[in-house]
Amino acid sequence: MPSAAALLLRPTSATTHPPLHQSSRKSYFLRLHPSCRRRLPVPRLSLTPTAASNSNSSPPPPSPSPAPAAPPSLFSNWSPPRAIWRGLSALLLAGQVFHRVLTGRIHRRNLLAQLRRVGPGSAGVALLTAAFVGMAFTIQFVREFTRLGLHRSVGGVLALALARELSPVVTAVVAAGRVGSAFAAELGTMQVSEQTDTLRVLGAHPVDYLVVPRVLACVLALPVLTLISFALGLASSAFLADSVFGVSVSIILESARRALRPWDLISSLLKSQVFGAIIAVVSCAWGVTTHGGAKGVGESTTSAVVVSLVGIFVADFALSCLFFQGAGDSLKYAMG
C-alpha cells in the first residue's frame with residue numbers, strides 16, 4: 001500500500017478532464033493517489049509540557065545563587081596626593097643617581113655639556129646678584145658700626161655673613177630660578193612627548209643619560225660659583241665702604257682675614273653641594289613625572305622652583321644648626 005505522502009504523476013485524457021485550452025496534447029497534473037485522499041494527521045506544537053514529558057524528564061537543577069560581593073576595602077579607591085608620590089619619586093631618583101655614581105655609570109659627554117650650562121651659563125647672574133647683596137649689607141653694617149666706633153670689625157662681620165649664609169644661599173636661589181626651571185621644563189617636555197620612551201627603545205636609560213649628568217653638574221658647579229660670589233661680594237663691600245663711608249679697604253680685608261676660619265669656607269662649600277643636589281633632584285623628579293601637555297609642563301616648572309627654594313631654606317637651617325653650634329669667638333678675632 002503506498003504511503004500517505006506518495007505523489008503520482010498520471011496522464012489524463014482530454015475527455016476525462018477537459019484542458020484549459022483546446023488541445024489534443026496530454027497534460028500532466030499533480031494529483032494525489034486515491035488511497036491517500038483521507039485527511040492526514042497534522043502534528044501540533046504545544047508550548048506547555050505534557051504529562052509524559054513531565055514524567056520522563058527530571059526538573060532542571062536550580063541555578064546557583066551568586067556569591068555575595070566582597071565589601072570594598074578601606075583604601076580601594078584612595079590614591080596618594082600628587083605631592084606625596086612626587087616626593088617619593090624624588091627620593092627614589094636620588095637613590096638611583098647615588099647608585100649610578102658609585103658604579104661609574106656616568107655619561108661624560110652630557111656631563112661636560114651640563115657643567116658648561118650650570119657654571120659659565122649661570123655665572124653672570126650669580127655674580128651680579130652677589131655684588132649687590134654685598135653692597136646692600138655694607139650700607140646697613142658700616143653705618144651702624146661706625147657710629148659705635150667698631151669700624152675695624154666691619155670686614156669680619158661682612159666676611160662671616162657672606163661666607164656662612166649669603167653666598168651659598170643666594171647662589172642656590174639663582175641656580176634654582178635659572179637652572180632648576182630649565183631642567184624641569186626640558187624633562188617635562190620630553191616626558192609628555194614620549195621622548196624618554198624613545199631613549200629606552202634605543203637602549204639608553206633616561207636616568208643615566210638625563211638625570212645623572214644634571215645632578216653631578218649642579219653638585220660640582222655650585223661650590224665654584226659660591227666661592228666666586230663670596231669673593232666678588234666681599235670686594236664690592238670693601239669698595240663701597242671705602243668710597244662712601246671712608247673705611248679703608250685694607251681695614252676691611254684685614255678684619256675679614258682675622259675673622260674667617262677654614263671651616264667657614266668648607267661649610268659654605270658643603271652647603272652649596274647639598275643645595276645643588278636638592279635643586280637638580282627636585283627639578284628632574286618633577287620633570288619626569290609631568291603629564292597633561294603644555295599646561296602640565298608649566299605647572300611642573302613652577303612647582304619645581306618653589307619646592308627647590310623651600311628645600312634650600314630648610315636644608316640651610318639644618319646645616320647651620322649642625323655646623324655652628326655653641327658660642328663662637330670669630331668677632332673677637334675680627335676686632336683684633
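In this predicted model, the largest nonpolar core gathers 38 residues, and those with the most contacts inside it are Val118, Val211, Val215, Leu222, Phe275 and Ile279. Two or more residues of this core come from each of helix H2 (82–103), helix H3 (108–118), helix H5 (154–192), helix H7 (206–244), helix H9 (262–288) and helix H10 (293–323). Helix H7 gives the largest share, with eleven residues. For a closer look at one member of the core, valine 215 is a handy starting point: leaving aside residues up to four places away in sequence, valine 215 touches Val97, Ala280 and Val281. Apart from the largest core lies another one, made of ten residues, including Leu162, Ala163, Leu234 and Ala259. As general background, nonpolar side chains in soluble globular proteins tend to be buried together.

It helps to step back to the whole chain here. The secondary structure consists of eleven helices and two strands, and the order along the sequence is β-β-α-α-α-α-α-α-α-α-α-α-α. Of the 336 residues in the protein, 36% are buried. Among contacts between residues at least 6 apart in sequence, 84% join residues at least 24 apart. The protein exposes about 20,300 Å², of which carbon and sulfur atoms supply 67%.

Helix H3 offers a clear view of how one element is placed. Its buried residues include Asn110, Leu111, Gln114 and Val118. These four residues lie on the same side of H3, because they cover an arc of only 100 degrees around the axis. Arg108, Arg109, Leu112 and Arg116, on the other side of H3, are exposed. The packing partners of the buried H3 residues are helix H4 (120–147), H5 and H7. Val118 thus appears twice in this account, as one of the buried residues of H3 and as one of the residues with the most contacts inside the largest nonpolar core.

Turning to charged side chains, a search of the whole structure finds eleven salt bridges. One of them joins aspartate 208 to arginine 100, with the closest N and O atoms 2.3 Å apart. This pair links distant parts of the chain, since aspartate 208 belongs to helix H7 and arginine 100 to helix H2, 108 residues apart. Both aspartate 208 and arginine 100 are buried. The two also take part in a network of salt bridges that links Arg100, Arg105 and Asp208.

A salt bridge also forms between the side chains of arginine 117 and glutamate 186, at 2.5 Å from N to O. Arginine 117 sits in helix H3 and glutamate 186 in helix H5, so this pair ties together parts that are 69 residues apart in sequence. Arginine 117 counts as partly exposed because its relative accessibility is 24%. Glutamate 186, at 28% relative accessibility, likewise counts as partly exposed.

The salt bridge between arginine 200 and aspartate 197 is found within one helix, and its closest N and O atoms are 3.1 Å apart. Arginine 200 and aspartate 197 are three residues apart in helix H6 (residues 195–201), so about one helical turn separates them. Aspartate 197 has a relative accessible area of 39%, which makes this residue partly exposed.

How values were computed:
Residues are numbered from 1 along each chain as its sequence is written. This is a predicted model: local features need pLDDT of at least 70, side-chain atom pairs count only at pLDDT 80 or more; totals for chains, interfaces and linings use all residues. Side-chain values use heavy atoms; hydrogens and water are left out. A nonpolar core is a set of buried Ala, Val, Leu, Ile, Met, Phe, Trp, Tyr and Cys residues joined through side-chain atoms within 4.5 Å. Buried means under 20% relative accessible area, exposed over 50%, partly exposed in between (1.4 Å probe, protein chains only). Contact means heavy atoms within 4.5 Å. The arc is that of the directions from the helix axis to the C-beta atoms. Accessible areas come from the Shrake-Rupley method with a 1.4 Å probe; for residues, only the protein chains shown count as cover. A salt bridge is a side-chain nitrogen of Lys or Arg within 4 Å of a carboxyl oxygen of Asp or Glu.
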